[in-house]
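Work through the exercises below with the model open beside you. Try each task before reading its solution.

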Number of protein chains: 2
Amino acid sequence: MSYTVKITISLKEGMLDPEARAIQHALSNLGFATESLSTAQVFFITMDVPSAGDARQRAEEMCERLLANPVIHSYEIEV
Amino acid sequence: MSYTVKITISLKEGMLDPEARAIQHALSNLGFATESLSTAQVFFITMDVPSAGDARQRAEEMCERLLANPVIHSYEIEV
């Protein structure tokens, strides 16, 4: 059966995010003052697995092996 | 008052997503078969505005002027 998982990958608390700082700076130059800005990457992955539990487990393996860098990233999986 | 908006930016339907194809290919090389894979970028922006409606409107302006390319991107705003 087909399941779609949503994987959200973000930098761990305290990690520097130069992309976010650059965007915040650019927004400020356009007159948009912001208090804070953070970014995250989302993947929607559809896979053919027997159950929702399997989909979650495979998504977790994908994160550990390719999508996230466990040293700097945290991830969240929704099936 | 401080409001945090979540802005999700994704490619419009039918746009080529080379990053997604590359990731799908890399996952396949690791033995993870996927039916489809798409990506999105998320921004969490905290700003000091009088109301939630103002927060949404400012977020929309930010998307139009900097964050999204209206030719290829669609965006979704949650306050």
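Two strands pair if DSSP finds at least two bridges between them. Strands (E, at least two residues) and helices (H or I, at least four) are DSSP runs, numbered from the N terminus. This is a predicted model, in which local features need pLDDT of at least 70, side-chain atom pairs count only at pLDDT 80 or more, and totals for chains, interfaces and linings use all residues. Residues are numbered from 1 along each chain as its sequence is written, chains are lettered from A and ligands numbered from 1 in the order in which they are written, and side-chain values use heavy atoms, with hydrogens and water left out.

**Exercise 1. Confidence**

State what pLDDT chain A averages, and give the ipTM and pTM of the model.

*Solution.*
- Step 1: pLDDT is the predictor's confidence in each residue, from 0 to 100. Chain A averages 96, and 100% of its residues score at least 70.
- Step 2: The ipTM is 0.89 and the pTM is 0.91.

**Exercise 2. Strand pairing within chain A**

Find which strands pair with β1(A), residues 2-11.

*Solution.*
- Step 1: β1(A) runs antiparallel to β2(A), with nine bridges. A:Ser2 faces A:Asp48 of β2(A).
- Step 2: β1(A) also pairs with β3(A), residues 73-78, again antiparallel, over six bridges. Here A:Ile9 stands opposite A:Tyr75.

**Exercise 3. Strand pairing within chain B**

Name the bridge partners of B:Lys6 in β2(B) and β3(B).

*Solution.*
- Step 1: β1(B) and β2(B) are antiparallel and share nine bridges. In β2(B), B:Lys6 stands opposite B:Phe44.
- Step 2: β1(B) and β3(B) (residues 73-78) are antiparallel with six bridges. In β3(B), the partner of B:Lys6 is B:Glu78.

**Exercise 4. Across the chains**

Describe how chain B meets chain A, starting from β2(A) and β2(B).

*Solution.*
- Step 1: β2(A), residues 36-48, joins β2(B) through 11 bridges, antiparallel. A:Ser38 stands opposite B:Phe44.
- Step 2: Contact (heavy atoms within 4.5 Å) takes in 31 residues from chain A and 31 residues from chain B.
- Step 3: Count the polar contacts, pairs of N or O atoms within 3.5 Å, where within protein one must be able to donate a hydrogen and the other to accept it, and residues adjacent in sequence count only if both atoms are side-chain atoms. There are 12 such residue pairs across the interface, both residues at pLDDT 80 or more.
- Step 4: On the side of chain B that touches chain A, β1 (2-11), α1 (18-29), β2 (36-48) and α2 (52-67) each supply at least two residues. The largest share, 13 residues, comes from β2(B).
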